[in-house]
Amino acid sequence: MTQSKLNLDKEKINRARELSKQITRPVNDYITQHTTVAIERATLRMLGADGVTADDVPVPNAIINALGDNIQYGASTYYVNALLRKNLSVEQLNAAIADGLDISQLELTDSALIRRKADELVAAFAKRVKGNVAYRTSKIYEYKEKENAPLLYLIVATGNIFEDVKQAQAAARQGADIIAVIRTTGQSLLDFVPYGATTEGFGGTYATQENFKIMRKALDKVGDDIGKYIRLVNYCSGLCMPEIAAMGAIERLDMMLNDSMYGVLFRDINMYRTFVDQKFSRMINAFAEIVINSGEDNYLTTSDAYEKAYTVTASQFINEQFAYEAGLPAQLMGLGHAFEMNPQIENGFLFEMAQAQMAREIFPDAPLKYMPPTKYMTGDVFKGYIMNAMFNFIAKSTNQGILLLGMLTEAIHTPFMQDRFLAVENARYILNNTKDFSSDIEFKKGGIMQTRAQNVLDETIEFLEQINEKGLFDSIEQKLFAEVSRPKHGGKGFEGVKEKAASYFNPVYDYLEVELGLKK
C-alpha cells in the first residue's frame, strides 16, 4: 500500500484480511463438497448445450430435470456419454434433447472415452473465450484507452433489446465508456435463462445469450466508429449466476454484477445455494477476464450510510477473499460502495470522501465501482445535479475506477437520453478540472477525514471478529448485514443444492482450477 493520506494502520488492515480468511474458510469447505443445478447447467452450456424444447424449456434445464439427483455425479458425464452413444454432434444432440430424448436413460460408456471427449469440448470453449480476451485487449491497446480516470458507466433499461441498442449507442457516442443493460425485474429469481431475443422486459431487459450477442455487436460497431472500446455489463447474480457468467464469457461481456450476499439479502435466495454458485461463476469470470461488480452499495439502501459504513468495508474484505479463492485477481474486483449519506448531515461530504479514500487505500489494485446518490436523490433536478457533481468530485479525487453516473430523474422514472447526456457532461467537466487534484492534496493529520476513516476501520475489525465468532451463515441469519435476516435453510433455490458423489465429474471446473492456479 502506498503512503496513506488517512494514516491508516497497516497492521489493522492485515488483521481484517486475516479475519476474512477465517470467515470464508468454512464456507469454502462447504462449497467444495457441493454442486447445484445452476452449476451443472452452466457446465453443460460451456460444453455446447443450447436451445429450447417445444415448451420453451431450455435444453440445459431439460437435461437437469431428467437427471434429478444424479447431478451429484456431474451432468457432464451424461451429456458427453450421449454424444458418444448416439454418435451425434453437439448441435444434433441438442436438437434430439429438445425433441424429447432423455439422456439419463442411456447406458454409460467407458469413463476414459467420456473424459477424452469432454476435454475436446472444454478446449473449444476455452479457445473461444481466450479469443474474446485477446480481442478486447487488442482493441483497448489500439484505441490507447485513457488512464488515471474513472470509466464512465451508464445504464439502459427499456425492456426491449432493440430499443436498448439505440439508447446504448447514443450513450456511447455521448461519452460513456461502459454500458450496463439493466436486467428485467425479478429475473434473478428465475431458475432458468430465457432463450432468444426479448422485447418485453419490465424495468429492464431479460439477460439472454442472444441479447448479449445483439448488444455486443452494436457496441463494437459504435466503438469502431468513435475509436473506443465500449464495455458491456450485465448481471450474473441470482439463481442462474454461473449460467449467465458462462454466457457472458462466450459473448465477450466485460463486467458482470456478481455478489452472492446481494442475492441472499435482497432477493431471499438461499445462502448455501448462492455461495456455491458464486465460486464457479467467479472462476468463469476470472478465466474470461470479466470485472465483477459486488453489491455492497445496496446495504446502504436499508441501513444508514453513516452509522453502518463499517458493514460495507467488512463486506468488501469478505468479497475480496472469496474472489481470491475463486482465482479472481484484484484487477478484476470492482468492489462496490456508494455516496449514500443523508445530505442533511453536517460535514457529510467529508465523511463520504473519507469512506471512498479508505476503500481506495485498502484495495489499491481493485478498480472499485462507486455508486451515485439514490436513496436521497430528489425530484428537485437542480439539487440533484449538485449532489451528482459532489459525487463525481469525490470519485475523481479518490481515484475510483468505475463511475456509475447519477441521473437527474433517477428517483422518478427510467432516465431519458438527455439525462444521460447531462450526466456525462457533468462528469467530464469535473474530471477535467480536477485531473491532478488527488496527487496535489493532503489530508489534515488528525482531521475529520482521518479520524472518520480510522474509526470505521476499527469498527470494521470489531464487526469481522463478531462474524468470525458466529460464522458467516449465522451472521446473515441474525441480520448483521443490511439489517436483513435470512434463514439458513430458507429462501429460494435450496432444493437445487446437492452433495457431490465421490465420482463427481465436471471437466470445466477441473480445467478452470488448473488454468487459474487453484490446483496444480
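**Exercise 1. The end of a long helix and its surroundings**

Start at Gly-471, which comes after helix α18 and has a positive phi near 95°. This is a predicted model, so treat each solution below as a reading of that prediction. Work out how the span of α18 compares with expectation, which of its residues are buried, and what they pack against.

*Solution.*
- Step 1: α18 contains 23 residues, and the distance from its first C-alpha to its last is 33 Å, close to the 33 Å expected at 1.5 Å a residue.
- Step 2: Go through the helix for burial. The buried residues of α18 include Met-449, Gln-450, Arg-452, Ala-453, Val-456 and Leu-457, and further along Thr-460, Ile-461, Phe-463, Leu-464 and Ile-467 are buried too.
- Step 3: Look for their partners. The buried residues of α18 pack against α1, α13, α14 and α19 (472–477).

**Exercise 2. How α13 meets α18**

Take one of those partners, α13, and describe its packing with α18: at what angle and axis distance do the two helices pack?

*Solution.*
- Step 1: Two numbers are needed, since packed helices are described by the angle between their axes and the distance between the axes.
- Step 2: For α13 (residues 309–325) and α18 (residues 448–470), the angle is about 60° and the axes are 8 Å apart.
- Step 3: Angles of 65 to 115 degrees would count as roughly perpendicular and those under 35 as roughly parallel; α13 and α18 are therefore oblique to each other.
- Step 4: The crossing of these two helices is right-handed.
- Step 5: On the α13 side, the contact is made by Ala-309, Tyr-310, Thr-311, Thr-313, Ala-314, Phe-317 and Ile-318. On the α18 side, Arg-452, Val-456, Glu-459, Thr-460, Phe-463, Leu-464 and Ile-467 take part.

**Exercise 3. A glutamine at the meeting place**

Find the helix that holds Gln-355, decide whether Gln-355 is buried or exposed, and list what it touches.

*Solution.*
- Step 1: Gln-355 belongs to helix α14.
- Step 2: The relative accessibility of Gln-355 is 10%; because buried means under 20%, this residue counts as buried.
- Step 3: Leaving out residues up to four places away in sequence, Gln-355 touches Ala-309, Val-312, Thr-313 and Val-456. Of these, Ala-309 and Thr-313 of α13 and Val-456 of α18 also belong to the contact between those two helices.

**Exercise 4. A second helix pair**

Now try α4 and α6. Which term describes the angle between them?

*Solution.*
- Step 1: α4 (residues 75–86) and α6 (residues 111–142) pack at about 95°, and their axes are 9 Å apart.
- Step 2: Angles of 65 to 115 degrees count as roughly perpendicular, so α4 is roughly perpendicular to α6.
- Step 3: Thr-77, Val-80, Asn-81, Leu-83 and Leu-84 of α4 make the contact with Leu-113, Ile-114, Lys-117, Ala-118 and Leu-121 of α6.

**Exercise 5. Checking α15 from start to finish**

Test the span of α15, then examine its start, its buried residues, their cover and what follows.

*Solution.*
- Step 1: With 17 residues (381–397) at 1.5 Å a residue, α15 should span 24 Å; its end C-alpha atoms are 24 Å apart, so the two agree.
- Step 2: At the start of the helix, a side-chain oxygen of Asp-380 comes to within 3.1 Å of the backbone nitrogen of Phe-382.
- Step 3: Buried residues of α15 include Gly-384, Met-387, Asn-388 and Phe-391. Their cover includes α14 (348–362), β9 (369–371), β10 (402–404), α16 (417–433) and α17 (437–440).
- Step 4: Asn-399 follows α15 and has a positive phi near 55°.

**Exercise 6. Distant in sequence**

Where is Val-276, and how far is its C-alpha from that of Tyr-30?

*Solution.*
- Step 1: Val-276 sits in helix α11 (residues 271–287), and it is buried with a relative accessible area of 2%.
- Step 2: Val-276 and Tyr-30 are 246 residues apart along the chain, yet their C-alpha atoms are separated by 7.9 Å.
- Step 3: Not counting residues up to four places away in sequence, Val-276 touches Tyr-30, Ile-31, His-34, Thr-35, Thr-36 and Ile-39.

**Exercise 7. Positive phi outside glycine**

Compare Asn-7 and Asp-56: where does each lie?

*Solution.*
- Step 1: Asn-7, not a glycine, has a positive phi of about 55°; Asp-56 has a positive phi near 65°.
- Step 2: Asn-7 lies in the segment before α1, while Asp-56 is in the loop between α2 (37–47) and α3 (59–67).
- Step 3: Asn-7 is partly exposed at 45% relative accessible area, whereas Asp-56 is exposed at 58%.

Note on methods. Residues numbered from 1 in each chain as written. Predicted model: local features only at pLDDT ≥ 70, side-chain atom pairs only at ≥ 80, totals over all residues. Heavy atoms only, no water. Helix = DSSP H or I, 4+ residues; strand = E, 2+ residues; numbered from the N terminus. Expected span 1.5 Å × (residues − 1). Buried < 20%, exposed > 50% of the residue type's maximum accessible area, 1.4 Å probe, protein only. Contact = heavy atoms within 4.5 Å. Polar contact = N/O pair within 3.5 Å; in protein donor to acceptor, adjacent residues only side chain to side chain. Axes fitted to C-alpha atoms, helices over the stretch in contact; angles between N-to-C directions. Parallel < 35°, antiparallel > 145°, perpendicular 65-115°, else oblique. Left-handed = near helix turned anticlockwise from the far one by under 90°.
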